[in-house]
Amino acid sequence: MKSRSVVITDNATGKQVECPVYEGAYGAPVIDIKNLYKELGMFTFDLGYGSTASCRSAITYLDGEEGLLMHRGYPIEQLAEQSTFTEVAYLLINGELPNQQQHDEWNRALKMHGMTHEHLSRFYTGYRYDAHPMSVLAGVVAAVASYYHDETDIYNPADRILTARRVIGKMPSLISKIYRHQSGLPFVYPDNSRDYVENFMYMMFSWPTESYLANPVAVRALDLLFILHADHEQNASTSTVRLAGSAETNPFACVAAGVTTLWGKSHGGANEAVIKMLEEIGHPTNIQKFVDRAKDKNDNFRLMGFGHRVYKNYDPRAKIIRQACHDLLDEMHLNSELFDIAMELERIALEDPYFIERKLYPNVDFYSGLIYQALNIPTDMFTPMFALARSAGWIAQWMEMMADPDFRIGRPRQLYIGAKQRDYVPLAQRT
Ligand code: CMC
């Protein structure tokens, strides 16, 4: 909704442009600069998009100063305590919590779409046993596009919801097969008598010759992690999914683009990097050395699991995960030296002026790897766990974009700083 306007003046020419300002339901108002180029012949310059709203969205709101996160208006703390991952996925996609009938239909639909084409299984064997799981995941998710390419009309709402069911339904099978291939174990078909998370654990960990009973404490811990990772507004991977989708790309290919972006250690890859860092620290007495390295501008080492572009207060997800990690280790009677190192590292960093001044707090990935580790999930499979959960957010954001009446291809501009025009020099004349 337009509330006021901002006038931008070019001091050199005196030309002006009046830009409307829009207020959202919460958060900073935005300046609509679409007439800037037409009126002043200029673009805006915002490296890292720190001040740029790339879209309108009604899905997720976060307030980094307050440490607040809400999906469709529901605070993350309430969803974490009372909901399930599949219900949160429904909420992200449909905008409302499901009633009992919608809930049952949704869960049934995710199960019905849990199988993948049999030929896709051969795809995995093309990868070395030690291929990074995120590389495999990007490949197999993109490959799924080929099975539904011609039949998917991205402008048809019914096809979009079908795609959402397929994406969320198939991720457990796609990801568990990566682990099974890595471990030399046969692939496991989903068992629809089990719920989503339990089914995933069954496909990951069951033994061909034994019946499999998942530990309910582990199922709940994993479900909680999936809830906490399900969406996070316009982060790097979600923005990638939107940008890919804006070119009318196949939605599975868009999700594959999200996977590749999530892989980076500044983003989802941080959960793996945190565990490696804690292992490298090895003992609480070594923590200060690593904290000093993180503060040293001549060293490119950063404390993994610390800091966030938007949160300048404790990440609300990290608060929930920290407690969950503590409870899980207690309930499973596990001692984790790495958890002790993590808590001590957090204490030292939070008392250090470098971290205080820069408002660097533990983020969602600081403790998540410790939970995955307690659940026997190998370190290089942590980021695929994140991808499984975030697929709900990616597809919800893609659907929202496709339904937007102002939908158009994303095409950022640039400040060109390269060579001025010059003439081609034939090879023989070059010095
Ligand atoms: N360790 C040490 N210094 C840090 C860290 C860190 N983890 N994070 C930021 N800083 C410093 C940074 O050097 C800069 O210092 P100065 O002002 O002196 O130049 C200041 O804090 C501001 O940082 P920035 O680089 O402008 O922050 P950013 O918003 O561009 O980067 C970040 C955000 C998450 C990439 C960064 O904090 C980071 O690399 N953290 C470690 C990786 C990590 O945990 N990533 C997971 C993010 S949450 C999950 C997800 O989104 O997937």
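Helices here are DSSP runs of at least four residues, typed H or I, and they are numbered from the N terminus. With that numbering, I417 is placed in the segment after helix 18, which covers 382–403. The structure is a predicted model, and this briefing takes up the surroundings of its ligand, a nonpolar patch on its surface, an enclosed helix and a few residues with positive phi.

**The ligand and its surroundings**

- The ligand has 22 residues around it, and those that come nearest are H267, R302, L303, G305 and R309.
- Sorted by character, the residues of this shell comprise 9 that are nonpolar, 7 that are polar and 6 that are charged.
- Two backbones approach nitrogen of the ligand: a polar backbone atom of S266 is 3.0 Å from a nitrogen atom of the ligand, and for F306 a backbone N or O atom lies 2.9 Å from a ligand nitrogen.
- A side chain takes part as well, since an N or O atom in the side chain of N363 is 2.9 Å from an oxygen atom of the ligand.
- The ligand taken alone would expose 940 Å², of which the protein buries 76%.

**A nonpolar patch on the surface**

- F45, L47, L415 and I417 together make a nonpolar surface patch of about 540 Å².
- I417, a member of this patch, has a relative accessibility of 76% and therefore counts as exposed, the cut-off for that class being over 50%.

**Helix 3**

- Helix 3 spans residues 85–94, and because 9 of its 10 residues are buried, the helix is largely enclosed by the rest of the structure.
- The buried residues of helix 3 are F85, T86, E87, V88, A89, Y90, L91, L92 and I93, where buried means a relative accessible area under 20%.
- After helix 3 comes G95, a residue whose phi is positive and near 90 degrees.

**Positive phi in residues other than glycine**

- E248 is not a glycine, yet its phi is positive, at about 65 degrees.
- E248 sits in the loop that runs between helix 10 (236–246) and helix 11 (251–262), and its relative accessibility of 46% is the reason that E248 counts as partly exposed.
- K359, also a residue other than glycine, has a positive phi near 55 degrees.
- The loop that holds K359 lies between helix 16 (353–357) and helix 17 (365–374), and with a relative accessible area of 38%, K359 is partly exposed.

Key:
Residues numbered from 1 in each chain as written. Predicted model: local features only at pLDDT ≥ 70, side-chain atom pairs only at ≥ 80, totals over all residues. Heavy atoms only, no water. Near = heavy atom within 4 Å. Polar contact = N/O pair within 3.5 Å; in protein donor to acceptor, adjacent residues only side chain to side chain. Areas by Shrake-Rupley, 256 points an atom, 1.4 Å probe, with all protein chains shown as cover. Nonpolar A, V, L, I, M, F, W, Y, C, P; charged D, E, K, R; others polar. Patch = residues over 30% accessible without salt bridge, like charges linked within 9 Å, V, L, I, M, F, W, Y side chains within 5 Å. Salt bridge = Lys/Arg side-chain N within 4 Å of Asp/Glu carboxyl O. Helix = DSSP H or I, 4+ residues; strand = E, 2+ residues; numbered from the N terminus. Buried < 20%, exposed > 50% of the residue type's maximum accessible area, 1.4 Å probe, protein only.
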